[in-house]
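The exercises below take a reader through one protein chain, from its overall build down to single residues. Each task is followed by a solution that goes step by step.

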Amino acid sequence: MLACLTPRAHAADVVEITRAYIEASDEGYKLAASYSFDLNHDLDDAVQHGVPLFFTTEIELTRPRWYWFDEKAIVARQTSRLSYNVLTRQYHVSLGGLQQSFATLDDALFLIRRPSRWLVAARGALKVGQTYNVTLRMGMDRDYLPKPIQVNAFNNSDWRLASNRKTFLYTAE
């Protein structure tokens with residue numbers, strides 16, 4: 001019976017990338033992605049007590065070369081912050097310079113799970129017609145936690161929430 005419960009506990013610590021693709025626009029190249037994850041009890045409890053959680057999305061576009069290492073065309077990171085204000089009983093999600101307030105944790109997590117399209121590169125950053133390997137990863141960034149909590153977080157598996165690397169091809173338009 002214990003063996004049946006173990007995979008579920010591990011699955012709760014994984015961020016699943018359910019959708020990811022690059023689209024070209026007038027401004028440049030945008031990442032459209034959505035993620036599936038839930039906060040475990042320890043992370044939920046930390047948020048309820050005012051500890052902000054940070055989620056970082058990392059993307060890398062590389063162009064394969066036969067004569068040398070792959071060319072890194074784009075390397076970008078975007079971090080969102082989830083916090084709870086005990087006095088106003090509101091959840092806040094900060095992304096870049098924008099902040100949005102929510103009444104429930106599920107509503108706040110919805111924005112983190114399905115962020116708006118993120119401009120990862122300007123229009124001329126990729127060579128049109130070239131195929132690029134796209135590597136995407138998303139997870140909770142423990143480096144932004146307060147120092148006393150960081151010590152516990154690095155030693156406690158309940159504070160690990162990350163995706164596996166998702167790789168796909170993109171041909172620049």
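**Exercise 1. Describe the overall build of the chain.**

Solution. The protein chain of this predicted model has four helices and 10 strands. Read from the N terminus on, these elements follow one another in the order α-β-β-α-β-β-β-β-α-β-β-α-β-β. The next step is the space they take up: along the principal axes, the C-alpha atoms of the protein chain fill a box of roughly 50 × 40 × 30 Å. Of the 173 residues in the chain, 40% count as buried. Finally, among the contacts with a separation of 6 or more, 65% are made by residues 24 or more positions apart.

**Exercise 2. Work out what the surface and the charges of the chain look like.**

Solution. The accessible surface of the protein chain comes to about 10,300 Å², and carbon and sulfur atoms hold 52% of it. Turning to the charges, there are 20 positive and 19 negative side chains, with the centres of the two sets lying 4 Å apart. Side chains of opposite charge can pair when their charged atoms come close. In this structure there are seven salt bridges, and a network of such bridges links Glu58, Arg77 and Asp141.

**Exercise 3. Which parts of the chain does the salt bridge between glutamate 23 and arginine 117 tie together?**

Solution. The closest N and O atoms of glutamate 23 and arginine 117 are 2.7 Å apart. Glutamate 23 belongs to strand β1 (residues 14-24), while arginine 117 sits in the loop between α3 (105-113) and β7 (118-122), so the bridge ties together parts that are 94 residues apart in sequence. As for their surroundings, glutamate 23 is partly exposed, with a relative accessible area of 25%, and arginine 117 is also partly exposed, at 40% relative accessibility.

**Exercise 4. For the salt bridge between arginine 113 and aspartate 38, find the distance, the places of the partners and their exposure.**

Solution. The closest N and O atoms of arginine 113 and aspartate 38 are 3.2 Å apart. This pair links distant parts of the chain, with arginine 113 in helix α3 and aspartate 38 in the loop between β2 (28-36) and α2 (41-48), 75 residues apart. To judge exposure, recall that a residue is buried when its relative accessible area is under 20% and exposed when that area is over 50%. Arginine 113, at 13%, therefore counts as buried, whereas aspartate 38, at 52%, counts as exposed.

**Exercise 5. Is arginine 63, which bridges to glutamate 71, buried or exposed?**

Solution. Arginine 63 forms a salt bridge with glutamate 71, and the closest N and O atoms of the two are 2.5 Å apart. With a relative accessibility of 14%, arginine 63 counts as buried. Its partner, glutamate 71, has a relative accessible area of 23% and is partly exposed.

**Exercise 6. Which residues make the nonpolar surface patch of about 680 Å²?**

Solution. The patch is made by Trp66, Tyr67, Trp68 and Phe69. To place one of them, tryptophan 66 lies in the loop between β3 (53-63) and β4 (71-85), where tryptophan 66 is exposed, with a relative accessible area of 80%.

**Exercise 7. Describe the backbone angle and the setting of arginine 89.**

Solution. Although arginine 89 is not a glycine, the residue has a positive phi of about 55 degrees. Arginine 89 is placed in the loop between β4 and β5 (90-95), and at 63% relative accessibility arginine 89 counts as exposed.

**Exercise 8. Set out the surroundings of tyrosine 35 and of alanine 73.**

Solution. Tyrosine 35 is found in strand β2 and, at 2% relative accessibility, counts as buried. Leaving aside neighbours within four places in sequence, tyrosine 35 is in contact with residues including Val15, Ile17, Thr57, Ile112, Arg113, Pro115 and Met138. One of these partners, proline 115, is 80 residues away from tyrosine 35 in sequence, and the two C-alpha atoms are 9.0 Å apart in space.

Alanine 73, for its part, lies in strand β4 and is partly exposed, with a relative accessible area of 27%. Leaving aside neighbours within four places in sequence, alanine 73 is in contact with Leu61, Thr62, Leu126 and Tyr132. The C-alpha atoms of alanine 73 and glutamate 16, which are 57 residues apart along the chain, are separated by 25 Å.

Conventions: Residues are numbered from 1 along each chain as its sequence is written. This is a predicted model: local features need pLDDT of at least 70, side-chain atom pairs count only at pLDDT 80 or more; totals for chains, interfaces and linings use all residues. Side-chain values use heavy atoms; hydrogens and water are left out. Helices (H or I, at least four residues) and strands (E, at least two) are DSSP runs, numbered from the N terminus. Buried means under 20% relative accessible area, exposed over 50%, partly exposed in between (1.4 Å probe, protein chains only). Contact means heavy atoms within 4.5 Å. Accessible areas come from the Shrake-Rupley method with a 1.4 Å probe; for residues, only the protein chains shown count as cover. Lys and Arg count as positive and Asp and Glu as negative; His and the chain ends are not counted. The place of a charge is taken as NZ of Lys, CZ of Arg, CG of Asp or CD of Glu. A salt bridge is a side-chain nitrogen of Lys or Arg within 4 Å of a carboxyl oxygen of Asp or Glu. Patches are made of residues with over 30% relative accessible area and no salt bridge: like charges are joined within 9 Å, nonpolar side chains (Val, Leu, Ile, Met, Phe, Trp, Tyr) within 5 Å.
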